[in-house]
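This briefing introduces a protein structure to a reader who has not met it before. Please look over the sequence and the structure shown here before turning to the notes.

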Amino acid sequence: MTANDKSYDGFTEDERAAMKEHAKEMKASARRGAKADTEPDVLAKIAEMEDADRFLAERVHALVKENAPGLTAKLWYGMPAYARDGKVVCHFQSAAKFKSRYATLGFSDQAALDEDTLWPTSYALTSLTPATEERIAALLKQAAG
């Protein structure tokens, strides 16, 4: 069978693993209660990342805390995420998680990023410069709005 002959077999192994992590997160959240501090879980997940992803995730985490302090850190499908009233507003996806060439900063429909009839909801991250951090800070402030 060649690559072109492959048929769709459902979710990839990585996608199934992410769904299993999400199920574990939901069970842990139910045991701890909605008001539990989940930031240590997020920091532990960031600490497990490969060096390049870890650096980006640590900076994104710091930028969220500085610019959107009303958001709560939580895990979402095994990724660091930031929520308002339990609903994810934004999340960080490491490049290694899905074997991508870049990490991603994504925003959900809970983010107040609406701009006319078209706006981006995720951004590729390969490195952070002062200008990039400034742009992320502005997005976080707007998203948390």
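The notes below begin with the whole protein and then turn to particular elements and residues.

The structure is a predicted model. The protein contains 4 helices and 5 strands, and along the sequence these elements follow the pattern α-α-α-β-β-β-β-β-α. The topics below are the overall make-up, the salt bridges, the packing of two helices, and individual residues.

**Overall make-up**

- The protein has 145 residues, of which 36% count as buried.
- About 9300 Å² of the protein is exposed, and carbon and sulfur atoms supply 52% of that area.
- Among the contacts with a separation of 6 or more, 47% are accounted for by residues 24 or more positions apart.

**Salt bridges**

- The structure holds 4 salt bridges, and three of them are described here.
- Arg-59 and Glu-133 form a salt bridge through their side chains, at 2.8 Å from N to O. Arg-59 belongs to helix H3 and Glu-133 to helix H4 (residues 130-144), so this pair ties together parts that are 74 residues apart in sequence.
- The two partners of that bridge fall into separate accessibility classes: Arg-59 is partly exposed at 22% relative accessibility, whereas Glu-133 counts as buried at 19%. Glu-133 receives that label because buried means under 20%.
- Asp-51 forms a salt bridge with Arg-54, with the closest N and O atoms 2.4 Å apart. Both residues lie in helix H3 (residues 51-67), and because they are 3 residues apart there, about one helical turn separates them.
- Asp-51 is exposed, with a relative accessible area of 57%, while Arg-54 is partly exposed at 23%.
- Lys-45 and Glu-48 form a salt bridge in which the closest N and O atoms are 3.6 Å apart. Glu-48 counts as exposed at 60% relative accessibility, but Lys-45 counts as buried at 18%.

**Packing of helices H2 and H3**

- Two packed helices are described by the angle between their axes and the distance between the axes.
- The axes of helix H2 (residues 39-47) and helix H3 come within 9 Å and cross at roughly 155°. Angles over 145 degrees count as roughly antiparallel, and H2 and H3 are therefore roughly antiparallel to each other.
- On the H2 side, the contact is made by Glu-39, Val-42, Leu-43, Ile-46 and Ala-47. On the H3 side, Arg-54, Ala-57, Glu-58, His-61 and Lys-65 take part.
- Sorted by class, the contact of H2 with H3 comprises 5 nonpolar, 1 polar and 4 charged residues.

**Ala-57 in helix H3**

- Ala-57 is found in helix H3 and is one of the residues that make the contact with H2.
- Ala-57 is buried, with a relative accessible area of 1%.
- Apart from its neighbours within four places in sequence, Ala-57 is in contact with Ile-46, Met-49 and Phe-92. One of these, Ile-46, is also among the H2 residues in the contact with H3.
- Leu-43 and Ala-57 are 14 residues apart in sequence, and their C-alpha atoms are 9.2 Å apart in space.

**Residues in and around the strands**

- Trp-76 has its place in strand E1 and is partly exposed, with a relative accessible area of 24%.
- From C-alpha to C-alpha, Trp-76 and Val-88 are 8.0 Å apart in space, although 12 residues apart in sequence.
- Tyr-77 lies in the loop between strand E1 (72-76) and strand E2 (79-84). Although Tyr-77 is not a glycine, it has a positive phi of about 55°.
- The relative accessible area of Tyr-77 is 27%, and the residue is partly exposed.
- Lys-99 lies in the loop between strand E3 (87-93) and strand E4 (103-107). Lys-99 likewise has a positive phi, of about 55°, and is not a glycine.
- Lys-99 is exposed, with a relative accessible area of 65%.

Notes
Residues numbered from 1 in each chain as written. Predicted model: local features only at pLDDT ≥ 70, side-chain atom pairs only at ≥ 80, totals over all residues. Heavy atoms only, no water. Helix = DSSP H or I, 4+ residues; strand = E, 2+ residues; numbered from the N terminus. Buried < 20%, exposed > 50% of the residue type's maximum accessible area, 1.4 Å probe, protein only. Contact = heavy atoms within 4.5 Å. Areas by Shrake-Rupley, 256 points an atom, 1.4 Å probe, with all protein chains shown as cover. Axes fitted to C-alpha atoms, helices over the stretch in contact; angles between N-to-C directions. Parallel < 35°, antiparallel > 145°, perpendicular 65-115°, else oblique. Nonpolar A, V, L, I, M, F, W, Y, C, P; charged D, E, K, R; others polar.
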